[in-house]
Amino acid sequence: MKPILIVEDEAIMRESLQDWLTDGGYQVESATQGDEALKAIEEQDYGLLILDLRLPGADGLEVLRKARAKQPQLNGIIITAYPSVQTAVEAMKEGVIDYLPKPFDLNDLEKLVSQTLGPVQVEIRPETVTCVIDDREVEVRQGATILEAAQSIGIDIPTLCHHEKLSPYGACRLCIVEIIRGQRSRLVTSCVYIVEDGLIVKTESEQVVKIRKMLLELMWARAPGVQPLVNYGMRYGISGLESKGNYELSGASETKFEVEPNFCILCGLCVRYCAEVKGKNAIGFIGRGTEREVMFFPEIASKECADCKECFAICPTGALPPHYALIEEGAST
Ligand code: SF4
Ligand code: FES
């Protein structure tokens with residue numbers, strides 16, 4: 001079976017997709033930019049391209065177009081955090097198998113891949129794997145994440161973007177842990193990393209704690225004083241987070257990052273909840289990098305949200321009411 005090429009500039013998404021499909025038995029390669037993908041396609045025949053729509057270099061549709069000029073039967077799936085009718089139509093004209101707005105369910109993607117490439121020869125694997133987390137041996141089902149394995153023995157790894165009912169997203173990185181193989185160690189995101197047999201995991205190593213503290217301070221700069229950050233600030237004894245817990249009263253922060261509150265930490269819980277549980281896609285992300293933010297899409301939200309607003313409760317920072325108020329304002333003008 002020919003390999004799959006994932007073309008995605010967002011590291012977390014790229015790695016999660018690659019891990020997921022590799023675990024499913026597919027041979028998977030990846031590229032971060034359109035130009036890099038085109039070079040790879042020159043050198044190798046692929047069975048399927050999974051392309052982010054917006055890429056540095058050539059965009060996803062351009063890559064597909066050029067790849068098809070070389071290999072007309074090549075199939076493509078477009079994934080995008082910026083869905084629009086126009087790009088969906090363009091993608092369909094290019095003959096893509098599907099156009100998936102992010103976040104999407106990884107099981108849906110795997111189904112599309114399997115329909116396109118055919119079923120993989122599944123190696124018979126034992127039903128469980130055993131790993132060691134913080135010096136404790138734990139046996140879990142194949143496919144369990146490190147986070148699930150840790151939770152199964154009562155080890156509390158901090159999380160902000162994880163929800164057991166929603167697909168893993170790996171956005172906040174707070175659940176980072178250290179894994180050790182032989183003499184080498186590396187940091188991975190435990191809510192998306194699948195446990196392998198014999199894996200050794202440290203959930204609170206010095207390096208892990210240092211990074212978690214920095215992440216918490218960065219998030220605090222966006223969402224000062226919100227309760228989950230206060231709680232984690234206390235847990236890790238971060239000066240400025242635990243002592244200035246009530247930001248509204250203190251109005252200041254002693255952390256090293258400049259506070260620019262917009263109260264969204266980009267965890268994606270609201271976006272995934274609306275897409276996966278409610279099936280509405282009334283809220284999504286717009287913008288890139290520091291400009292990235294959540295937005296209710298007026299044409300959907302004005303019809304669907306008034307009697308729902310369930311995402312308000314799932315948001316860890318209470319960021320949504322001001323965003324939704326814009327929809328209400330729009331409806332009353
Ligand atoms: S609005 Fe809340 S739930 Fe949505 S991404 Fe931002 S912090 Fe997460
Ligand atoms: S909980 Fe794992 S990245 Fe947020």
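**Leu-199 and the sheet beside it**

Apart from residues up to four places away in sequence, Leu-199 touches Cys-131 and Ile-179, contact being defined as C-beta atoms, placed from the backbone, within 7 Å of each other. The model is predicted: local features need pLDDT of at least 70 and side-chain atom pairs count only at pLDDT 80 or more, whereas totals for chains, interfaces and linings use all residues. Residues are numbered from 1 along each chain as its sequence is written, with chains lettered from A and ligands numbered from 1 in the order in which they are written.

Leu-199 belongs to the loop between β9 (184–189) and β10 (200–202); strands (E, at least two residues) and helices (H or I, at least four) are DSSP runs numbered from the N terminus. Leu-199 counts as partly exposed because 19 other C-beta atoms lie within 10 Å; on this scale 20 or more make a residue buried, 12 or fewer make it exposed, and partly exposed lies in between, with C-beta atoms placed from the backbone. Ile-146 stands 53 residues from Leu-199 along the chain, and their C-alpha atoms are separated by 9.5 Å.

The strands on either side of this loop belong to an open sheet of five strands, ordered β7-β6-β10-β8-β9, with mixed pairing; two strands pair if DSSP finds at least two bridges between them. β7 (136–141) and β9 are the edge strands, each with a single partner strand, so one side of each has no neighbour in the sheet. On average, neighbouring strands of this sheet are turned by 35 degrees against each other, direction ignored. Within the sheet, β8 (residues 176–181) pairs with β10 in the antiparallel sense over three bridges. Glu-178 has Lys-202 in β10 as its bridge partner.

Across β8, β9 and β10 lies helix α7, which runs at about 155 degrees to β8; axes are lines fitted to C-alpha atoms, for helices over the stretch in contact, and angles run from 0 to 180 degrees between N-to-C directions. α7 (206–222) is also what the buried residues of α8 pack against. In α8 (residues 227–235), the buried positions are Leu-229, Val-230, Tyr-232 and Gly-233. Just after α8, Gly-237 adopts a positive phi of about 55 degrees.

Elsewhere, helix α5 (residues 106–117) contains Leu-106. Leu-106 is partly exposed, because 17 other C-beta atoms lie within 10 Å. Leaving aside residues up to four places away in sequence, Leu-106 touches Trp-20 and Ser-167. His-323 lies 217 residues from Leu-106 in sequence and 28 Å away in space, C-alpha to C-alpha.

Definitions and conventions: Contact = placed C-beta atoms within 7 Å.
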